[in-house]
Amino acid sequence: MPRIAVIDRDSCQPKRCSLECYRYCPGVRTGDETIIIDEHTKRPLISEELCSGCGICVHKCPFHAISIINLPHELEGRCIHRYGPNGFALYELPIPRAGSVIGLVGQNGIGKTTAIEILSGRLKPNLGSDTAATPKQLNEFFKGSELQAYFKGIERVKIAYKPQVVDTLPKAVKGKVGGLLSKVDERGAVEELTLALELEDILSRDVKLLSGGELQRLVIAAVAAREADIYYFDEPSSHLDVYQRLNAARAIRGLAEVGKAVIVVEHDLAMLDYMCDYVHVMYGQPRAYGVVSSPRGVRVGINVFLDGYLKVENVRFRREPIKFEVRPPSKARAAGREFFSYPKLKKSFKGFQLEVSPGSLYAGEIVGVVGPNAIGKTTFVRMLAGEVNPTTGKLESKLTVSHKPQYLKAEFDGTMEAWLRSVVGEFGPSFDPEVLQPLEMSPLLERNLKELSGGELQRATIAACLGRPADLYLLDEPSAYLDVEQRLQMARVIRRVIEKREAAAFVVDHDVLSVDFISDRLLVFTGEPSRAGKTHGPLDMREGMNLFLSEVGVTFRRDPQTGRPRANKPGSALDREQRERREYFYL
Ligand code: SF4
Ligand code: SF4
């Protein structure tokens with residue numbers, strides 16, 4: 001059985017440990033060089049040839065930095081890329097197809113971005129060795145597969161690539177949105193894309209003044225406007241609301257419809273489902289290794305991913321399948337016992353007005369907050385948190401509030417644990433088992449807060465919010481930067497905390513699956529973005545989703561196998577039937 005030893009370089013801290021991996025390794029103790037300490041970096045190097053796979057170093061390392069993995073035989077010699085000795089290893093690759101949108105779904109840190117960087121020619125694969133593979137080696141490696149021809153002609157393939165992070169664009173590009181778009185309009189498609197992605201109002205705006213959502217739509221339009229053979233989109237849904245996500249999905253699908261090959265990495269399963277023809281499930285162990293499965297039709301692929309079992313490959317990559325269930329109302333709600341209520345409120349800013357109708361919550365209840373961007377959701381949450389005063393109306397509640405803001409900041413200079421203690425105080429006995437463990441925070445506690453990725457920082461701020469004792473929890477976009485499993489795990493953790501403490505929560509989110517998974521009822525915002533917003537509810541899920549999705553203009557059904565929400569194709573028989581019955585979500 002092939003075995004790999006992976007050391008997470010961000011977690012390994014030889015200056016802060018006693019080199020336990022080295023001291024306890026039985027191979028080293030018997031005089032072998034199973035582990036050596038590099039004299040320049042002072043870091044350990046594990047010999048995969050000599051390692052017996054006993055796993056002692058894995059348990060002894062105080063920073064959980066080591067993984068020793070026995071791989072299935074089929075992966076022997078199938079490594080596409082390795083980030084150095086004991087680095088992350090990627091096995092297999094997705095296959096681009098002209099006229100199709102191919103989706104990649106899998107956990108964060110499983111190699112999705114690496115896979116598309118290799119296919120797009122941005123990263124030269126090394127086939128697991130120390131140096132980049134030569135064209136001859138690649139030809140031999142992919143012999144008999146569709147990728148053989150692909151790599152043979154990779155120099156001639158024209159690529160358009162949307163990177164995962166778009167927030168840095170204003171540093172690289174100067175000027176106005178319209179000017180930038182006309183410069184990249186190689187297909188003569190900018191006018192159409194401007195309308196499809198609703199960029200008309202910002203064409204004369206300076207790129208450096210754009211919000212995250214505006215930047216995302218601009219970059220999607222700029223990439224789709226290029227003349228290329230293959231288009232890559234890495235997480236196009238970040239910062240977008242549901243309506244904008246569907247618009248982006250249609251624009252991306254439009255490329256396949258004119259014969260282009262498109263590959264998309266995406267965590268929003270509803271969006272992925274809506275735009276893809278095929279899906280490659282990626283599995284493995286985050287930050288250690290990732291395997292690209294063979295392609296499946298989009299419905300089957302997403303269901304296989306949720307099921308956690310790849311039948312063809314005979315691989316179980318998750319113990320429990322993920323199921324979506326309709327929940328009964330909380331006990332307090334069933335008994336009609338209100339826990340918290342707020343009166344009619346108004347908030348006016350220059351050019352924007354928010355009207356909040358009176359509402360109430362029950363103990364143990366989670367209310368999902370949905371609506372377009374710039375409609376006042378964050379303002380509402382900040383009024384409840386006492387950070388913004390209403391212009392009219394008064395909040396008289398004596399409840400304590402814990403708030404996770406929408407934007408994450410890593411200004412604290414120190415470890416995650418030190419930061420959590422500064423926010424939460426002394427950890428209570430249930431904090432570790434109920435919050436830290438399920439959010440998989442243990443390996444991150446010793447890391448410096450400033451070095452964390454978006455998803456890691458998001459989990460830290462969710463943990464900090466839930467770690468504070470409070471009656472009302474306010475979580476603004478907790479699913480951003482999280483992968484599908486982390487989103488659902490986050491939803492479970494929030495639910496457990498809210499139910500156990502008999503508290504209540506408002507959770508603002510744009511991911512339909514997360515909203516469906518977490519919410520007991522919905523508070524729906526309607527209006528005109530950046531001008532006026534209005535709340536409706538909290539409404540029961542059916543009424544809330546109906547109102548929300550009728551505003552978005554899309555119908556959803558439930559997948560019979562997993563219960564997950566699936567967007568209907570516009571104009572399909574189901575879409576028409578549901579619209580006629582005014583049932584936008586639940587049949
Ligand atoms: Fe220390 Fe763990 Fe790194 Fe070994 S792997 S040097 S025990 S931190
Ligand atoms: Fe040494 Fe065992 Fe770790 Fe291999 S798994 S490096 S043999 S301690």
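Is cysteine 79 buried or exposed? In this predicted model, cysteine 79 is buried, its relative accessible area being 11%, a value that falls under the 20% below which a residue counts as buried. Cysteine 12 is likewise a buried residue, with a relative accessible area of 10%.

With cysteines in view, one may ask how many disulfides a search of the whole structure finds. The answer is zero. A disulfide is a covalent bond between the sulfur atoms of two cysteines, and here the sulfur atoms would have to lie within 2.5 Å of each other to be counted. For cysteine 79, the closest cysteine sulfur belongs to cysteine 51 and lies 17 Å away, which is too far for a bond.

Cysteine 12 leads on to the ligand, since it belongs to the residues around ligand 1. Cys17, Cys21 and Cys61 are also among the residues around this ligand, as are Pro44 and Pro62, while Leu19, Phe63 and Ile66, together with Gln13 and Glu20, complete the list. Sorted by class, this shell consists of nine nonpolar residues, one polar residue and one charged residue. As for where ligand 1 sits, its place is in the largest cavity.

From the ligand the reader can turn to the aromatic rings, of which a search of the whole structure finds 16 pairs. One of them is formed by tyrosine 150 and phenylalanine 151, whose ring centres are 5.5 Å apart and whose planes meet at 85 degrees, an arrangement described as edge-to-face. Tyrosine 150 counts as buried because its relative accessibility is 10%, under the cut-off of 20%, and phenylalanine 151 is buried as well, with a relative accessible area of 10%.

Another pair is made by phenylalanine 340 and tyrosine 342, and it is tilted, because the planes of the two rings stand at 40 degrees, between the limits of 30 and 60 degrees; the centres of these rings lie 6.0 Å apart. Both phenylalanine 340 and tyrosine 342 are buried, and they belong to one aromatic cluster that also takes in Phe380, Phe506 and Phe525.

Aromatic rings in this model also have arginines over their faces. Arginine 97 is placed over the face of tyrosine 278, at 4.4 Å from the ring centre. Arginine 122, in turn, lies over the face of tyrosine 161, where the distance from the ring centre is 3.8 Å.

Technical notes
Residues numbered from 1 in each chain as written. Chains lettered and ligands numbered in written order. Predicted model: local features only at pLDDT ≥ 70, side-chain atom pairs only at ≥ 80, totals over all residues. Heavy atoms only, no water. Buried < 20%, exposed > 50% of the residue type's maximum accessible area, 1.4 Å probe, protein only. Near = heavy atom within 4 Å. 1 Å grid on protein atoms, 1.4 Å probe; cavity = no way out; pocket = protein on both sides within 12 Å on 5 of 7 lines; lining within 4 Å. Sits in = over half its atoms within 2 Å of the grid points. Nonpolar A, V, L, I, M, F, W, Y, C, P; charged D, E, K, R; others polar. Phe/Tyr/Trp six-rings, centres within 6.5 Å; stacked < 30°, edge-to-face > 60°. Lys NZ or Arg CZ within 6 Å of the ring centre and 35° of its normal.
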